[in-house]
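Student: Can we go through this one together? I'd like to look at the contact between chains first, then the sheets.

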Amino acid sequence: MTPMTLTEKILARHAGHAGRDHVQPGDNVWIDVDVLMTHDVCGPGTIGIFKQHFGKDARVWDRDRVVIIPDHYIFTADKMANRNVDVLRQFVAEQNLPHYYDVGTDRYKGVCHIALPEEGHTRPGEVLLGTDSHTCTAGAFGEFATGIGNTDAGFVLGTGKLWVKVPPTMRFVFHGQLPPYLMAKDLILAVIGDIGCDGATYRAMEFDGDGVYALNIEERMTLCNMVIEAGGKNGVIAPDQVTLDYVNARNVRGNPYTVVSSDAGAKFVFEKVYDVAKLQPVIAKPHSPDNRAFVSDIKGTKLDRAYIGSCTGGKMTDFRAAATVLTGKTVRIDTFVVPATSEIAHGLKTETLNGQTLEEVFLSAGAKIGEPSCAACLGGPSDTFGRLNEPLSCISTTNRNFPGRMGHKEARVYLASPLTVAASAVTGVITDPRDYVG
Amino acid sequence: MSLQSTITGKAYVLGDNVDTDQIIPAQYLTLNPAIPEEYRQFGKYALGSVPPSQAGLPKGHVPFHTDDEFVSPYRFIVAGKNFGCGSSREHAPIALDAAGIKVVIAEFYARIFYRNAVNGGYLIPFESTGRLCDTICTGDELRLDVAAGKLHNLTTGETYELKPLGEVAPILEAGGLFPYARKVGMLRS
């Protein structure tokens, strides 16, 4: 048997009901989908396509495999945005879907890519498709996860299937002990800077090495989250005990899953090895995630605003890191803190540092804390918390800095780790986190 | 759409890495493309966040359409590398379709934009063999022989070979993923 990569093995197992023994890069295969996720921005269009093609009274292929998470435009007075959540709500009622996390209820979660694992919807060896490009985040759980559009998602809703082209896999190996001033965000920004924002187009990106397996699950999610910024189809990390402990603790419905990893001798089209101890804090300058610099190269650049949030940089690990810098200090620029999910918002109220909750650390530093959602990561309606409505310079833990991404099309967005963003918030200029952390 | 046709119209030229936020700014994603009137409105906001200096190359500062128009005077977009990178929003090819764009010709595409364009049947995404965004100018009159993949610049008299559509041709010919799946028996009609 020809050895296969993790991504190839998952796609082979999902190709047709019986699966296939073997697939190779370039093969087009119809795969069975384990979980389909949609949200308030792409859900209404997806539902429209589903009804148009399968009929108004059609049923989804498997109600247990559909997950709907409103998260994008939630805390806004925008009538159209609110209307879109109503479209989701109505569809969920019509179809009697169990996995819906409605706004204004105790079930409300926030950012879908973090809500999915928290609620036990990410499992090794599975295929997860979502109507959001950052669906690739779930590759951290050893599954094939990628973003799709409304038409594809409408098709999956009715059939549970989709054709996909098997991608060749690139392998990125991180060795060594991560210094305290670096985070997964620095690693992935370094990778994107090296290969460019089209460097992994049509390809899978697999992460490996003791430097990756020393990361906690949230940091592994950050690595996989930004593969789309290099054009990657999916990012993936083979599961270890850390993965399984997380998944098992959350898999309350007891869904079975199969752990898959790359075969010895599997063929990778590209391989790059990093010694993490030798890396420096990395920043992506305006207006592209691959416009890489070392933070030290542009330190002192004046900023108007700092933003800590999103699927990329709004998890507990991200806030813990930011709090270590902000504790006992005062921010010099407007600083916005947006927990990705309600569970993380709760964590900010309960976890403590030097006798203060993280929420108290941020508030006493002068930061503003918003409600869990995607918020200003992608701009959104003009009343969105933290949105750049003016051509400001902002340093952010988010994932994209293309023109207009966070609002105003002349705004300048710098992407960096939570440590770098917090250090820069304290000084008001781009600041190397090594000034504050070990 | 028929791949046997000839498409004629003006070119609008853009650079590299035109991402989905430039193609359709996120604030307009509140419109629901499943509602025909809202679908039409996407045309008005298409290419709304392209920086003015990059809008309508080589000179830039050429508006894609006037502010109150839904449909642009252009039928072709000619661009560089990695067209449509960023988000998975299908609103991006929808906005171009609603604005009257029939064909995009780029060096290559970001994967999800390409899939959405093909599977939704909104427009034909051709790949060029060279870097046409440096030779074709905004406003040039183009004629595309779709089946042959031959592009004629009627303004300059030049002719270019485009890359074959390859394995997506049957999906485009059928009109998108749903009609294609019916044709090949993946969906009952």
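Tutor: We'll take the interface, then two sheets, then some backbone details.

Student: What should I know before we start?

Tutor: This is a predicted model: local features need pLDDT of at least 70, side-chain atom pairs count only at pLDDT 80 or more, and totals for chains, interfaces and linings use all residues. Residues are numbered from 1 along each chain as its sequence is written, chains are lettered from A and ligands numbered from 1 in the order in which they are written, and side-chain values use heavy atoms, with hydrogens and water left out.

Student: How many residues does each chain put into the contact?

Tutor: Chain B gives 46 residues and chain A gives 50 residues. Contact here means heavy atoms within 4.5 Å.

Student: And what's the buried area?

Tutor: About 3900 Å² between chain B and chain A, with 58% of that from carbon and sulfur atoms. Buried area is the accessible area (1.4 Å probe) that two parts lose on being put together, summed over both.

Student: How many salt bridges are there between chain B and chain A?

Tutor: Four. A salt bridge needs a side-chain nitrogen of Lys or Arg within 4 Å of a carboxyl oxygen of Asp or Glu. One of them pairs B:Asp21 with A:Arg405, at 3.2 Å from N to O.

Student: Which elements of chain B touch chain A?

Tutor: Helices H1 (20-23), H4 (111-119) and H6 (177-183) of chain B each give two or more residues to that side. H4(B) gives the most, with six residues. Helices (H or I, at least four residues) and strands (E, at least two) are DSSP runs, numbered from the N terminus.

Student: OK, sheets. What's the strand order in chain B?

Tutor: S4-S3-S2-S1-S5-S6-S7, an open sheet of seven strands with mixed pairing. Two strands pair if DSSP finds at least two bridges between them.

Student: Why do S4 and S7 of chain B each have one side without a neighbour?

Tutor: Strand S4 (124-127) and strand S7 (159-161) of chain B stand at the edges with a single partner strand each, so one side of each has no neighbour in the sheet. Neighbouring strands are turned by 30° against each other on average, direction ignored.

Student: How do S1 and S5 of chain B run?

Tutor: Antiparallel, with five bridges joining S1 (residues 6-13) to S5 (residues 141-145) of chain B. B:Ile7 stands opposite B:Leu144 in S5(B).

Student: Now chain A. What's the order in its four-strand sheet?

Tutor: S10-S9-S8-S11, open, with parallel pairing. Strands S10 (234-236) and S11 (270-275) of chain A are the edge strands, each pairing on one side only. The twist averages 20° from one strand to the next.

Student: Which helix packs on it?

Tutor: Helix H1 (residues 6-13) of chain A, touching S8 (169-175), S9 and S10 of chain A. The direction of H1 makes about 110° with that of S10(A). Axes are lines fitted to C-alpha atoms, for helices over the stretch in contact, and angles run from 0 to 180 degrees between N-to-C directions.

Student: Where are the cis peptide bonds?

Tutor: One joins A:Pro286 and A:His287, with omega about 0°. A:His287 lies in the loop between strands S12 (282-284) and S13 (292-294) of chain A. Another runs from B:Leu57 to B:Pro58, with omega near 10°. B:Pro58 is in the loop between helix H2 (36-45) and strand S2 (74-78) of chain B.

Student: What's the phi of A:Ala375?

Tutor: Near 45°, a positive value in a residue other than glycine. Most residues other than glycine have a negative phi, and most peptide bonds are trans.
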